[in-house]
Amino acid sequence: MSRAIEHNAAQSRFEWTEDGILSVQDYELQNGVMTITHTGVPEAVGGRGIAGDLTQAALEMATEQALKVRPMCSYVATYIKRHPEYKDLVV
C-alpha cells in the first residue's frame, strides 16, 4: 500500500484525500462481519490506485481484527479475486 489510508471508524469508512478530493470506502460492521458496501473514487483522481489502497486497508483491518468480509461492492469482489491471499476472509 502506497498511501496512509485513514480509518474513520465514526463514519464506518476508510478515507484518502488526494489533490483536495476525498475518496472513500464505506462498510457496515455487524456480528464480526465487515460488509463493504461502496468504494467511491471521483473521476478527477481515478486511475491512481486509490481504490486498491482503500480496499487493502479494509482487508488488512479485517485480518488484524479476525473479521469476515462480505464484498457487496463489485470493486472489492474483483480485488479479492485478483488477490487470493484475502479469499479466506470472505463470508
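**Reading charged pairs around Arg13**

Biologist: Is Arg13 buried or exposed, and how should that be read?

Modeller: Arg13 is buried, as its relative accessible area is 18%; buried means under 20%, exposed over 50%, and partly exposed in between, for a 1.4 Å probe and protein chains only. This is a predicted model, in which local features need pLDDT of at least 70, side-chain atom pairs count only at pLDDT 80 or more, and totals for chains, interfaces and linings use all residues. Residues are numbered from 1 along each chain as its sequence is written, and side-chain values use heavy atoms, with hydrogens and water left out.

Biologist: How many salt bridges are found, and which residue pairs with Arg13?

Modeller: Side chains of opposite charge can pair when their charged atoms come close. The whole structure holds 5 salt bridges (a side-chain nitrogen of Lys or Arg within 4 Å of a carboxyl oxygen of Asp or Glu). In one of them, Arg13 meets Glu15 at 2.6 Å, N to O. Glu15 is likewise buried, with a relative accessible area of 15%.

Biologist: Which parts of the chain does the pair of Glu18 and Arg3 link?

Modeller: Their side chains form a salt bridge at 3.0 Å, N to O. Glu18 belongs to strand E2, and Arg3 to the segment before strand E1 (6-8), 15 residues apart; strands are DSSP runs of at least two residues (E), numbered from the N terminus. Both Glu18 and Arg3 are buried.

Biologist: Where do Asp19 and Arg48 lie?

Modeller: These two side chains form a salt bridge at 2.6 Å, N to O. Asp19 is in the loop between E2 and strand E3 (21-30) and Arg48 in the loop between E4 and H1, so the pair ties together parts 29 residues apart in sequence. Asp19 is exposed at 60% relative accessibility, while Arg48 is partly exposed at 36%. Salt bridges with shared partners join Arg3, Glu18, Asp19, Arg48 and Asp53 into one network.

Note on methods: Helix = DSSP H or I, 4+ residues; strand = E, 2+ residues; numbered from the N terminus.
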